[in-house]
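Got the model loaded and a selection box ready? Here is a short tour, one stop at a time.

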Amino acid sequence: MTTAASRRSDRRISPVFVGIVAVTAVTGWAAWTGFAAQPGIAVFLFVTAAWIVSLCLHEYAHARTALHSGDISIGAKGYLTLNPLKYTHALLSIVLPVIFVIMGGIGLPGGAVFIERQRIQGRWKHSLISAAGPLTNVLFAAVCTAPFWLHALDGVPRDFQYALAFLALLQVTAAILNFLPVPGLDGYGVIEPWLSYDIRRQVEPFAPFGLLAVFAILWIPSVNGVFFDAIDSILNGLGIDDIHRYCGQELYRFWQGSNEFCSVSP
């Protein structure tokens with residue numbers, strides 16, 4: 001029998017998540033104050049930790065929405081603790097997205113909370129559960145870009161501006177990729193409840209390969225160009241210019257050496 005104490009523990013924030021938030025705060029402070037001897041290291045740790053925080057919140061949004069939609073098994077799985085180690089596929093949800101950020105500077109969609117869909121009634125609820133994750137990325141992007149579109153950059157150190165710009169880039173790419181109506185991604189999860197049973201049955205075998213297919217298509221130069229042009233347009237609309245995006249990524253990759261252009265850019 002489940003006790004009240006065990007139910008509370010199912011929702012208690014994990015020390016692992018608290019630790020990741022602490023790393024984000026400390027390295028963010030280091031990037032802001034210039035405390036680190038090499039600012040790139042502080043930016044790297046800040047952006048990486050903040051990216052992991054956003055991944056945890058992405059999965060938490062899925063889980064929390066599922067809980068309120070009828071899946072009461074969510075708590076027992078540990079999904080409400082924000083502990084990334086509790087996810088069904090920690091490798092896919094945390095490790096792989098971080099590797100992609102380091103290698104290519106793109107926000108890879110995660111996604112590994114197992115939801116018992118049979119417990120949930122109503123197509124709108126199923127769609128909302130799928131949309132909750134990428135909407136979290138949208139919210140995170142809005143927070144990162146707020147100083148830019150509010151024209152509130154006075155007093156914000158240059159390196160911290162670059163870090164926010166790069167973090168915003170990751171959030172925007174993650175939101176767009178997640179919202180693609182491709183089997184295996186959240187965008188398909190949004191529309192899936194509205195498709196006929198026959199269509200869903202035919203598409204289901206392709207779900208494990210949907211993300212791989214997206215990245216294979218993105219390797220096509222023309223498609224890649226259109227994709228990143230769209231990203232640039234969105235970020236420009238939010239007040240983040242090319243210099244901030246470029247220097248944010250350059251500063252993040254501190255192991256490539258300092259970039260003199262970014263060190264003198266305003």
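Start by selecting α3: 24 of its 31 residues are buried, so this helix is largely enclosed by the rest of the structure. Buried here means under 20% relative accessible area, exposed means over 50%, and partly exposed is in between (1.4 Å probe, protein chains only). Helices are DSSP runs of H or I with at least four residues, strands are runs of E with at least two, and both are numbered from the N terminus.

Before you click on, some ground rules: this is a predicted model, where local features need pLDDT of at least 70 and side-chain atom pairs count only at pLDDT 80 or more, while totals for chains, interfaces and linings use all residues. Residues are numbered from 1 along each chain as its sequence is written, and side-chain values use heavy atoms, with hydrogens and water left out.

**Stop 1: along α3 and off its end**

Stay with α3 and put a distance label between its end C-alpha atoms: they are 45 Å apart, which agrees with the 45 Å that 31 residues should span at 1.5 Å a residue. The expected span is 1.5 Å times one less than the number of residues. Now step just past the helix to Gly70, which takes a positive phi of about 130°.

**Stop 2: a network of charges**

Select Asp71, Lys77, Glu116 and Arg119 together, and show their side chains: the four are linked in a network of salt bridges. A salt bridge is a side-chain nitrogen of Lys or Arg within 4 Å of a carboxyl oxygen of Asp or Glu. By that rule, the count comes to seven salt bridges.

Take the Asp71 end of the network. Its partner is Arg119, with the closest N and O atoms 3.7 Å apart. This pair links distant parts of the chain, 48 residues apart: Asp71 sits in the loop between α3 (39–69) and α4 (90–104), and Arg119 in the loop between α4 and α5 (123–149). Colour by accessibility and Asp71 comes up as buried, at 0% relative accessible area, whereas Arg119 is partly exposed at 37%.

Next, centre on Glu116. Which residues does Glu116 bridge to? One is Lys77, with the closest N and O atoms 3.2 Å apart. Glu116 lies in the loop between α4 and α5 and Lys77 in the loop between α3 and α4, so the pair ties together parts that are 39 residues apart in sequence. The other is Arg119, where the closest N and O atoms are 2.5 Å apart. Glu116 counts as buried at 16% relative accessibility, while Lys77 is partly exposed at 21%.

**Stop 3: inside α6**

Jump to α6 (residues 158–178) and select Gln171, which is found there. The helix is mostly covered, with 19 of its 21 residues buried. Its end C-alpha atoms are 30 Å apart, in agreement with the 30 Å its 21 residues should span at 1.5 Å a residue.

Is Gln171 buried or exposed? Buried, with a relative accessible area of 0%. Its side chain makes a polar contact of 3.0 Å with that of Ser54. For a polar contact, look for a pair of N or O atoms within 3.5 Å; within protein, one must be able to donate a hydrogen and the other to accept it, and residues adjacent in sequence count only if both atoms are side-chain atoms. Expand the selection around Gln171 and, leaving aside neighbours within four places in sequence, you get contacts with Trp51, Ser54, Asn137, Phe140 and Ala141. Contact means heavy atoms within 4.5 Å.

**Stop 4: Ser14**

Now go to Ser14, in the loop between α1 (4–10) and α2. Ser14 is buried, at 6% relative accessible area. The side chain of Ser14 reaches the backbone nitrogen of Val16 at 3.0 Å. Not counting residues up to four places away in sequence, Ser14 also touches Thr81 and Asn83.

**Stop 5: Pro97 and Gly237**

Pick Pro97 in helix α4; this proline is buried, with a relative accessible area of 0%. Then try Gly237, found in helix α10 (residues 221–237). Gly237 is exposed, at 62% relative accessible area. Measure across to Phe148, 89 residues away along the chain, and the C-alpha atoms are separated by 9.9 Å.
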